[in-house]
Amino acid sequence: MIKIKNLNKLFYENSKKEFYALKDINLEIQTSSFVVLKGVSGSGKSTLLSLIATMDKPTSGEIIIDNESVAKLPDLHSSNFRAKKIGFIFQSYNLFNELSVKDNISIPLIPLGYSQKQIDEKVLKSLEIANISHKKDELVLNLSGGEKQRCAIARALVNDSNIILCDEPTANLDYDNSIRFIETLKELKKLNKTIIVATHDPIFDNLDFVDKIINIKNGIICE
Ligand SMILES: Nc1ncnc2c1ncn2[C@@H]1O[C@H](COP(=O)(O)OP(=O)(O)OP(=O)(O)O)[C@@H](O)[C@H]1O
Ligand SMILES: [Mg+2]
């Protein structure tokens, strides 16, 4: 379970003016649930996902994941935690342009101590799930936006983590690939993964397997 208590994230605009990107967030997300995080641009969706993923630290408050308090983990611990527990599809992909698709996807496996054979098998499986196998040897530099997004999806799934955080994962996908991705999410939910999708995409409205919709406005959760 993911428990968030009194979470605040304060930024200093132009290093001066205080700006709360997240304000007193309290949330409980059950294990194996599928949650859609909605809100207009600038409402705090990416900020919240990055705090849950321990990629950034809150100004105050707590994040407890599987009974472990993760908000203030030292960097080395948080990168270990992420490697094992989190799959993250970044809004801006965060891929290495000069590396091949296959090499990008294998990166999350490096700290986990797998053999090359195991890495190859896992990467192939992820490539297939994300429908990007045909570009496996291509440099990311040469991919279209939707292909990069599928590469980012494959990378997020490769470590078989129990928590999958998706930031606008269909923003650059065509309809068929969006539907395919939604089917993938449905399968992952059946495997008891906890999934949070931040999105504007109306394709996530009215899905029959959504457990919770969270609306966020100006950094505040509106139930
Ligand atoms: N490092 C930062 N310094 C200052 N302000 C920031 C920083 N990161 C985010 N913000 C601000 O926090 C607010 C929330 O940003 P966030 O990226 O979480 O929004 P979002 O809901 O994901 O928006 P979008 O739908 O456009 O992706 C925005 O106003 C943004 O400008
Ligand atoms: Mg965002």
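**Figure 1. A magnesium ion sits between two side chains.** Donors here are N, O and S atoms within 2.8 Å of the metal (3.2 Å for Na, K and Ca), and a site may look incomplete as water is not among the atoms. The model is predicted, with local features needing pLDDT of at least 70 and side-chain atom pairs 80 or more, while totals for chains, interfaces and linings use all residues. Residues are numbered from 1 along each chain as its sequence is written, chains are lettered from A and ligands numbered from 1 in written order, and side-chain values use heavy atoms, without hydrogens or water.

So who holds the magnesium ion (ligand 2)? Look for S46, which offers its OG atom, and Q91, which offers OE1, at 2.0 to 2.3 Å. S46 belongs to helix α1, whereas Q91 is in the loop between β6 (86-89) and α3 (101-106), so this pair ties together parts that are 45 residues apart in sequence. Helices (H or I, at least four residues) and strands (E, at least two) are DSSP runs numbered from the N terminus. Both S46, at 28% relative accessible area, and Q91, at 43%, are partly exposed, which means between buried (under 20%) and exposed (over 50%), with a 1.4 Å probe and protein chains only.

**Figure 2. Helix α1 is tucked into the structure.** Is α1 largely enclosed or largely open? Of its 8 residues, 7 are buried, so the rest of the structure largely encloses this helix. The buried ones are K45, T47, L48, L49, S50, L51 and I52. Just past the end of α1, check the backbone at T54: its phi is positive, about 60°.

**Figure 3. Next to α1 there is a cavity with a nonpolar lining.** A cavity is a set of points on a 1 Å grid over the protein atoms alone where a 1.4 Å probe fits but cannot get out, and lining residues have an atom within 4 Å of a point. The second largest cavity has a volume of about 30 Å³, counted as the space filled by probe spheres set on the points. Around it you'll find L27, I29, L37, L48, L49, I52, I196 and I214. Two elements, β2 (17-29) and α1 (45-52), each give two or more residues to this lining, and α1 has the largest share, with 3. The tally is 8 nonpolar, no polar and no charged residues.

**Figure 4. The largest cavity has a mixed lining.** The whole structure holds 2 cavities of 30 Å³ or more, and the largest has a volume of about 60 Å³. Its lining includes I129, A130, N131, R150 and F181. Helices α5 (145-157) and α6 (175-190) each supply at least two lining residues, and the largest share, 4 residues, comes from α6. Here the split is 6 nonpolar, 3 polar and 2 charged.

**Figure 5. Strand β4 has partners in β1 and β5.** Strands β1 (2-13) and β4 (60-65) run antiparallel and are joined by 5 bridges; strands count as paired if DSSP finds at least two bridges between them. To spot one bridge, find K5 and its partner E62 in β4. Another 2 bridges link β4 to β5 (68-69), again antiparallel, with I64 opposite S69. In the hairpin of β4 and β5, 2 residues sit between the strands, and D66 takes a positive phi near 45°.

Note on methods. 1 Å grid on protein atoms, 1.4 Å probe; cavity = no way out; pocket = protein on both sides within 12 Å on 5 of 7 lines; lining within 4 Å. Nonpolar A, V, L, I, M, F, W, Y, C, P; charged D, E, K, R; others polar.
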